[in-house]
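Me: I am new to reading protein models. Can we go through this one in short steps?

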Amino acid sequence: VAQLRQRFFNSISPGGLAGDRRGVVPASGFSFSAQQIWRVIKENKDLDLPAHKVMVATVRCEEIANEKFCRLSSDEDWLALEEAVQSGSVSGFGRRLSSILETYFSEYDSEATYFDEDVRNAKRKHLESKALDLVHPAYLNLLGHLRFKALENFKSRLEQMLKEAEGFAASARACTESCMHEFDQGCADAAIKQAHWDASKVREKLRRDIDSHKLSVRDAKLSELVARYEEKLRQLLCEPVESLFDTAGRDTWASIRKLLRRETETAVLEFSTAISSFELDQPTIESMLQGLRDYARNLVVKKAREEAGKVLILMKDRFSTVFSHDNELMPRVWTGKEDIKTITKDARAASLRLLAVMAAIRLDEKPDKIEDILLSSLMEGTVTSPDPLASSTWEEVPPENTLITPVQCKSLWRQFKSETEYTVTQAISAQEAYKRSNNWLPPPWAIVAMVVLGFNEFMLLLRNPLYLMFLFVAFLLSKAMWVQMDVPGQFQHGTLAGLISISSRFLPTVMNLLKRLAEEAQGHRTPESPTQQQSSVAFQSFRNQSQLNPSSSIAQSSVSSNVSVSDSSVEYSSPNLMQRRNTKVQEAELSQ
């Protein structure tokens with residue numbers, strides 16, 4: 001305030017209100033200056049004062065527009081239409097809304113027709129803008145319902161067409177075209193003639209939603225196809241590969257490669273035909289086909305690793321099969337003629353070849369020397385420096401293809417030999433036992449001693465024929481006794497059991513032979529009584545049981561002897577003699 005006061009006091013000084021007075025109009029030129037001011041005001045329309053009718057038109061038209069807008073906002077038809085749009089799409093929305101708007105716009109035109117045209121038109125445009133802003137949200141809601149309906153129709157139609165085994169790409173294309181056409185018809189029905197609203201953004205959103213759903217369905221269908229063919233490959237590869245590993249040999253990996261190639265190419269061809277209806281681009285198709293090939297290969301690799309984990313069991317099974325069965329896969333009986341050393345070597349060689357097969361994955365047809373290294377180091381015992389098995393990798397075999405390292409092979413072989421040694425020992429024991437039970441001749445040195453020491457007695461027999469006759473009769477009696485007592489059969493179950501059985505049967509057998517000789521001399525035979533037949537049958541049954549159970553042969557022999565001596569007329573005979581005797585008895589009974 002103090003500064004302003006000083007400016008008034010010093011108005012004509014520099015910095016004062018009047019300044020240096022160079023821009024001030026003198027009092028003599030005030031009239032001319034005022035005229036120029038009013039002329040500028042008249043010529044500039046922006047500074048011109050409105051006419052009275054314009055002011056009246058402005059006020060009145062604005063009142064009419066406001067009144068029409070209020071009536072539109074509370075119009076029952078409009079409120080009902082707005083409420084209907086909130087819950088769903090409304091048929092004839094554009095026609096009905098256009099009729100409502102046209103009613104109020106026409107009333108405005110009729111009431112404002114006598115006012116200034118420029119003012120009337122300006123206020124009408126303002127009324128249209130406010131009215132359209134009022135109804136535009138309902139229009140957007142309607143477009144949202146149309147978009148949702150079109151998308152749901154697309155989903156249901158696509159699903160139905162796919163159930164009917166239509167091609168995916170063709171089905172998706174047909175459903176897209178039909179649903180977009182329905183949406184466009186709905187947008188045309190929703191349009192009003194008072195405005196040119198653009199539905200392109202909603203249409204683009206619908207297109208993106210359709211493409212997104214189509215992509216998700218396509219991915220799901222492709223995943224189902226891939227899973228189905230992967231399962232098919234698993235069934236076609238796992239069990240055959242496992243069977244090939246169980247019977248592993250030199251051609252095992254060649255057979256696996258052939259099986260893998262055949263089944264993979266068949267599956268790839270069928271899968272390629274199945275996905276052709278999806279109309280995928282070529283890089284995507286190649287990627288999926290390669291994925292199927294990789295899955296098949298990984299199946300074989302996984303199965304190989306599983307079998308390699310139980311290689312010791314497979315080796316022992318292979319050893320048992322080769323060692324305990326002959327070339328015709330019949331169970332081997334150790335009779336003393338078999339070369340156990342050679343058989344053991346062959347069985348171990350077969351097991352070692354199985355270990356060589358399981359040592360590495362050979363799906364790339366690259367040669368290796370694993371079998372030669374294992375045979376030379378473990379079977380032949382060749383000592384080389386450095387030790388080829390003192391390593392964690394095989395020569396010419398990538399680490400990722402190694403299933404069993406050389407060090408592990410060496411350890412497995414030691415464990416395998418220790419666990420199969422018992423089987424070889426048992427075979428040797430069985431062979432020796434068989435030789436002891438079937439060797440009736442004395443050893444060669446005993447035969448030579450008998451010939452040397454008994455030379456004088458032999459010459460004595462040659463000089464006196466009566467001795468020969470006596471020896472011949474003794475031989476016949478001994479042969480008869482041998483056959484009647486079934487000496488080889490009695491000694492099959494052990495020496496002690498055979499001696500006890502023969503000693504208990506010796507005297508009854510001698511009596512039986514003498515009786516039969518007497519009967520033959522008289523020219524007739526005494527028929528056997530039922531008791532004798534029952535005793536013979538009992539003796540045969542006891543003898544059969546003793547053959548089935550060698551451990552109880554002693555007790556059974558004593559029982560059979562007790563049964564036989566209960567009647568002095570019971571005869572002991574071999575199975576052949578007993579069969580002939582029973583036949584003669586039956587013929588005698590028939591003749592009577």
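Me: What is the relative accessible area of Ser429?

Reply: This is a predicted model, where local features need pLDDT of at least 70, side-chain atom pairs count only at pLDDT 80 or more, and totals for chains, interfaces and linings use all residues. Residues are numbered from 1 along each chain as its sequence is written, and side-chain values use heavy atoms, leaving out hydrogens and water. Buried means under 20% relative accessible area, exposed over 50%, and partly exposed in between (1.4 Å probe, protein chains only). Ser429 counts as partly exposed because its value is 36%.

Me: Which helix holds Ser429?

Reply: Helices are DSSP runs (H or I, at least four residues), strands are runs of E (at least two), and both are numbered from the N terminus. The protein chain has 22 helices and zero strands. Ser429 falls within residues 406-438, which is helix α14.

Me: How far apart are the C-alpha atoms of Thr335 and Gln431?

Reply: Thr335 sits in the loop between α11 (311-324) and α12 (340-358). Thr335 is partly exposed, because its relative accessibility is 25%. Along the sequence, 96 residues separate Thr335 from Gln431. In space, C-alpha to C-alpha, the gap is 5.8 Å.

Me: What share of the contacts with a separation of 6 or more joins residues 24 or more positions apart?

Reply: A contact means heavy atoms within 4.5 Å. Ser429 and Trp334 show sequence and space side by side: 95 residues apart along the chain, with C-alpha atoms separated by 9.3 Å. For the protein chain, the share asked for is 70%.

Me: Which helices each supply at least two residues of the nonpolar patch?

Reply: Patch residues have over 30% relative accessible area and no salt bridge (a side-chain nitrogen of Lys or Arg within 4 Å of a carboxyl oxygen of Asp or Glu); like charges are joined within 9 Å, and nonpolar side chains (Val, Leu, Ile, Met, Phe, Trp, Tyr) within 5 Å. Among the members of this patch are Phe472, Leu476, Phe506 and Leu517. Leu476 is partly exposed, because its relative accessible area is 43%. The helices asked for are α17 (465-485) and α19 (495-522).

Me: What percentage of the 592 residues counts as buried?

Reply: Accessible areas come from the Shrake-Rupley method with a 1.4 Å probe; for residues, only the protein chains shown count as cover. The protein chain has about 36,900 Å² of accessible surface, with 57% belonging to carbon and sulfur atoms. The buried share of its residues is 33%.
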